[in-house]
Amino acid sequence: MSTPQARRGNTRQRIQDVALELFAEHGYEKTSLREIAERLDVTKAALYYHFKTKEDIVISLFQDLVRPIDELIAWAQEQPRTLETKREVMRRYSESLHGCAPLFRFMQENQATVRDLSIGETFKRRMYDLFDLLNEPDAELRDQVRCITALFSMHAGMFILQKLHGDPEDKRKAVLEVATELVTAANPPSRRPARPDSAQTAAP
């Protein structure tokens with residue numbers, strides 16, 4: 001038997017999923033909490049138990065997206081700035097984005113709402129943090145552009161690749177491969193920090 005906590009978690013996720021569906025169908029401004037409750041076949045009181053406003057639903061969705069990104073940034077900041085670390089950042093970021101395409105579509109189509117809720121600014125700061133992890137301070141301009149393009153290609157891929165035939169996981173991997181190639185090109189051997197285990201020990 002599922003626990004009360006598990007049931008609450010499932011209901012919360014159902015509310016988020018249905019809200020995104022209705023936002024996509026009718027637009028954020030034209031969707032009401034009553035319509036969300038009706039689509040869920042629950043009372044407004046049951047919906048209020050989890051979320052008091054539409055804004056609360058959107059903010060909760062964004063927090064669910066940002067949490068693994070924050071964990072990734074914290075992890076990467078403790079790692080050596082090697083190409084291997086940067087490739088792992090890209091792999092983990094790809095996994096964090098997996099399944100978040102509806103939320104990104106909402107953010108793209110409702111930019112004014114996103115700005116009003118300060119979500120856009122918060123997400124922008126995360127992008128700067130990720131860029132700093134991929135980019136070297138002395139990088140040439142073209143290499144900085146490669147790092148930025150690597151990140152945004154992963155975002156754009158979630159929308160554009162929907163129109164291409166193929167397995168969704170294969171398409172995700174293809175985007176990750178191209179983005180990782182850009183990061184690799186932005187970190188040529190001449191500028192890559194040495195691995196900690198490759199440092200030469202000074203002779204006594």
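Biologist: In which helix is confidence lowest, and in which is it highest?
Modeller: This is a predicted model, where local features need pLDDT of at least 70, side-chain atom pairs count only at pLDDT 80 or more, and totals for chains, interfaces and linings use all residues. Here pLDDT is the predictor's confidence in each residue, from 0 to 100. Helices (H or I, at least four residues) are DSSP runs, numbered from the N terminus. Confidence is lowest in α6, at a mean of 77, and highest in α2, at 95.

Biologist: How many contacts does the stretch 198-204 have beyond near neighbours in sequence?
Modeller: Residues are numbered from 1 along each chain as its sequence is written, and side-chain values use heavy atoms, without hydrogens and water. Contact means heavy atoms within 4.5 Å. Over residues 198-204 the pLDDT is below 50. Beyond near neighbours in sequence, the number of contacts for this stretch is 0.

Biologist: Where do the buried residues of α2 lie around its axis?
Modeller: Buried means under 20% relative accessible area (1.4 Å probe, protein chains only). In α2 the buried residues are Leu33, Ile36, Ala37 and Leu40. Seen down the axis, they fall within an arc of 100° (taken from the directions from the helix axis to the C-beta atoms). So they line one face of the helix.

Biologist: Which element gives the most to the largest nonpolar core?
Modeller: A nonpolar core is a set of buried Ala, Val, Leu, Ile, Met, Phe, Trp, Tyr and Cys residues joined through side-chain atoms within 4.5 Å. The largest has 51 residues, and Ile36 and Tyr93 are among those with the most contacts inside it. With 10 residues, the element that gives the most is α4.

Note on methods: Buried means under 20% relative accessible area, exposed over 50%, partly exposed in between (1.4 Å probe, protein chains only). Helices (H or I, at least four residues) and strands (E, at least two) are DSSP runs, numbered from the N terminus.
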